[in-house]
Structure formats: structure tokens, C-alpha cells
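Trainee: I have this model open on my screen and would like to understand one part of it properly. Could you take me through the place where the ligand sits, and then show me how it fits into the rest of the chain?

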Amino acid sequence: NVEGPMLFGLPLKYISLVTLAVQNAALSIVMHYSRVSLPPSQTYSPASAVLLNEILKGLISFFVAVIQVYNSKESPYRGSLCLSIAHVYREIFSTDSWKLSIPAILYVIQNSLQFVAISNLPVATFQVTYQMKILTTAAFSVVLLRRSLSPTKWVALCFLALGVGIVQIQSTSATGPTHKSINTPVGSAHDAAPVHIHIMSPLKGLGAVTAACFTSGLAGVYFEMVLKGSKADLWVRNVQLSLFSLVPALFPVFFSDHRNSQGFPRDLLRNFGGWAWGTVAIQTFGGLVTAVVIKYSDNILKGFATSLAIILSFLASVALFDFKLTPSFLVGSTTVLVATWMYNQPAGKETITIPLPSRP
Ligand code: C5P
């Protein structure tokens, strides 16, 4: 079957693609709201959210890896839960597991930076600027994987940088000339104010999203290198990724300002309400869907999902946060979408092949 595995009568690769687009849009909206809807003293710790995300992702991936071995017709451990668990355990702690330590650290940094970015930028601006990760992914692919890019792809990358630049001009100029500690009610410039004044710093947000694009590109390319360089199962690799993430994710939990005399386990869930749990759940789900997209589709379709997410989060921002459409946002995001589409054209698509008429 060329379409691969099916779910509810539809190809899993398309289901995972659409799911990733909706997840991307939902995450930025829920994460943004969870950070800006309460005063800083009443908000949850992003460090706890990043840690919980890794724990949940690791546990679910372990469960999926075990179920796969338990159900696989080729597996000698089929039907035995204990032997399946023992096999997955041996795979996780195999000698090359250390290779996942680098993307693990990078993803923890990226996931933490995402919180800084989303707390300081309107949702739609964050989504468009985050498209710069296509540029960093391309750069790291050329350097680390020795991949060569077609002229169309280089042109698309230039358009991408241009589009992001146009959106950035809008996001920084709309909030005034002083970027630090602007008393921006959530939405006076971009969003509708809900209950209180939230201090947004667009420059800090743009710095964070730019850094997140670098870690995303490097981690993605490194993960691809590790995945293609061995036969290990994707879900086992995901568990290894989560295990190596625990150390860098635990570090800020112990040393963050959110700690008080109550002690570690209670501080971890301080101010963790519905929106915080929603953010963690959507982020965990996104990590798992990303893994499915990598396995059953490819990065081309993953890029499309992200650009679809821009439109979805833009429409949601208009409806939920009273986001105002400005000409520069429209021009910038359209340029980003066209660039994403151009970049994702399969190699050789430019050459048109005309089928010869068959001889009678
Ligand atoms: O946007 P980007 O593709 O860089 O986002 C990757 C996200 O997916 C990160 O939050 C990362 O933690 C997660 N991920 C994952 N498992 C993988 C690859 C990425 O959880 N195998």
C-alpha cells in the first residue's frame, strides 16, 4: 500500500499531518493564554511544564514501544508482556543511546525558549517568525548532512527571511520605540485585553524565537542523523530523548525563583491550573505527532503543516484576541507561506515531463 498504514479508512500520514497543523496552532494559543492571562505571581513555572512534558512523552513512547514489540508478527517476544518490556529496556540502554543527549539538551532549551517567546509576542507574530526554523534547518542540513540545495530552495529561503523581516517590523513598531518593559495590555497593540496588564517585551520575544529556531534546526538535523544512522525504533529513540532531557529539564526546576519553603514536589505543581495542564498536554501530544509525521510522512509535509498552522492561529487570533490585520502582517505572512510552499516543492518538479503518445 503506497499510502502506508491507515486509520479510520484514511492514510495515517495525512491524519498526522492535519493533526500536527491543528496541534501547532492550538499550542501557541493555549500557551500564550496560559502565560498572559494571570499576573506573573500567579502563573506556573515554565520549567515544571518542560519537565512534565518530557516525563509524559517518555512514558507514552515507552508504552508504544512495548505494545509494538508485543503485537509485532516478526517479534520473537510477541504475546509476552514481560519479555517485550525487557527487550525495549535493553534497546533503550543500548551502547549508542548517548547520541540522543545532544538533541535532548537542545529540545529542552527550545521548549523553554518557546515559553519566553510566546509570553512576549502576539500568537500570530510568534507563528510567522517561528517559520525561520526552515532556514536554520536548511543551514544545518548543508553543514552537517552535506546536503546540497536547489536554486529554487535558496530563493525560497531568501523569501522566507524577507517575509519574517516584514512581520517583525510590524510587531516591533506597533508597540512603540521603547521595547523594554512596555506596559502593553494583552492586546492593546495586537490582542484584546482580558483581565489585567501583562508586560510584553517584543524584542525579548523575538530574541527567544530566533534562538529557538537555531536549536530547532540543529536538534532536528542531529535527530535525523542519529535516526538514519541506525536501525533503532523511533519510539525507543523517543524514550532515549526524554531520558536525556530529564537532567537539563530538572536543573531549572531546582534552581528557579518559583521554589519556596514547601519543597520540591509541591513546588513543581504550584499554580498549575487547567491552562497549564492544557499547555503540557498539547506539547506532549505535539512531540508524539512529530514522531509519527517523521515516521509516516516526511519533512516536506511537516513544513506544510506548520504553514497551515499559521493560517489557523491567525484566524483564531482574530476571533479570540481581536488581532488586527495590518498590511505588513498580510504581506509578511503571505511571503512566508509562498516561501514555505516553494521550499517544499519536490526536487525536479520544475522539469515538466510530457508523456509521448503511444504508437497504434
Ligand atoms: O518545531 P520543531 O519540529 O523543531 O519541534 C520539535 C518539537 O517536537 C519539540 O518540542 C521537541 O521536544 C518535540 N520532539 C519530540 N520527539 C521527537 C522530535 C521532536 O518530542 N522525536
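Mentor: Happy to; we will begin with the ligand and its surroundings and then move outwards through the chain. Please keep in mind that this is a predicted model.

Let's start with the residues around the ligand. They are Lys57, Tyr107, Gln110, Asn111, Lys133, Ser216, Phe223, Asn238, Leu241, Gly287, Thr290 and Lys302. Three of them are worth a closer look for their polar atoms. In Lys133, a polar side-chain atom lies 2.4 Å from an oxygen atom of the ligand. For Asn111, the distance from a side-chain N or O atom to a ligand oxygen is 2.7 Å, and for Gln110 the corresponding value is 3.1 Å. As for how much of the ligand is hidden, on its own it has 470 Å² of accessible area, and the protein covers 90% of that.

Now look at which helices build this shell. At least two residues each come from α4 (101–120), α8 (202–228), α9 and α11 (274–296). The greatest share belongs to α4, which gives three residues.

One residue of the shell, Asn238, is a good place to zoom in. You will find Asn238 in helix α9, which spans residues 234–255. Is Asn238 buried or exposed? Asn238 is buried, because its relative accessible area is 9%, and the cut-off for buried is under 20%. Leaving aside residues up to four places away in sequence, Asn238 touches Ser61, Phe223 and Ala291. Phe223 is also one of the residues around the ligand.

From here we can step to another buried spot. Leu51 belongs to helix α2, residues 46–71, and is buried with a relative accessible area of 3%. Its partners, again not counting residues up to four places away in sequence, are Leu246, Ala249, Leu250, Val253 and Leu268. Take Ala249 as an example: Leu51 and Ala249 are 198 residues apart in sequence, yet their C-alpha atoms are 5.1 Å apart in space.

That pairing has company across the chain. Of the contacts with a separation of 6 or more, 77% are between residues 24 or more positions apart.

The aromatic rings are next. The structure holds six aromatic pairs. One of them joins Phe272 and Trp277 edge-to-face, with 5.1 Å centre to centre and 65° between the planes. The two partners can be set side by side: Phe272 is buried at 12% relative accessible area, whereas Trp277 is partly exposed at 38%. Both belong to a cluster in which ring pairs link Tyr44, Phe115, Phe272 and Trp277.

Tyr44 also has a charged neighbour. The charged end of Arg35 sits over the Tyr44 ring, 4.8 Å from its centre. A similar arrangement brings the charged end of Lys153 over the ring of Tyr343, 5.1 Å from the centre.

Finally, step back to the whole chain. It contains 13 helices and two strands, and 47% of its 360 residues are buried. The accessible surface of the chain comes to about 18000 Å², and carbon and sulfur atoms account for 70% of it.

Key
Residues numbered from 1 in each chain as written. Predicted model: local features only at pLDDT ≥ 70, side-chain atom pairs only at ≥ 80, totals over all residues. Heavy atoms only, no water. Phe/Tyr/Trp six-rings, centres within 6.5 Å; stacked < 30°, edge-to-face > 60°. Buried < 20%, exposed > 50% of the residue type's maximum accessible area, 1.4 Å probe, protein only. Lys NZ or Arg CZ within 6 Å of the ring centre and 35° of its normal. Helix = DSSP H or I, 4+ residues; strand = E, 2+ residues; numbered from the N terminus. Contact = heavy atoms within 4.5 Å. Areas by Shrake-Rupley, 256 points an atom, 1.4 Å probe, with all protein chains shown as cover. Near = heavy atom within 4 Å. Polar contact = N/O pair within 3.5 Å; in protein donor to acceptor, adjacent residues only side chain to side chain.
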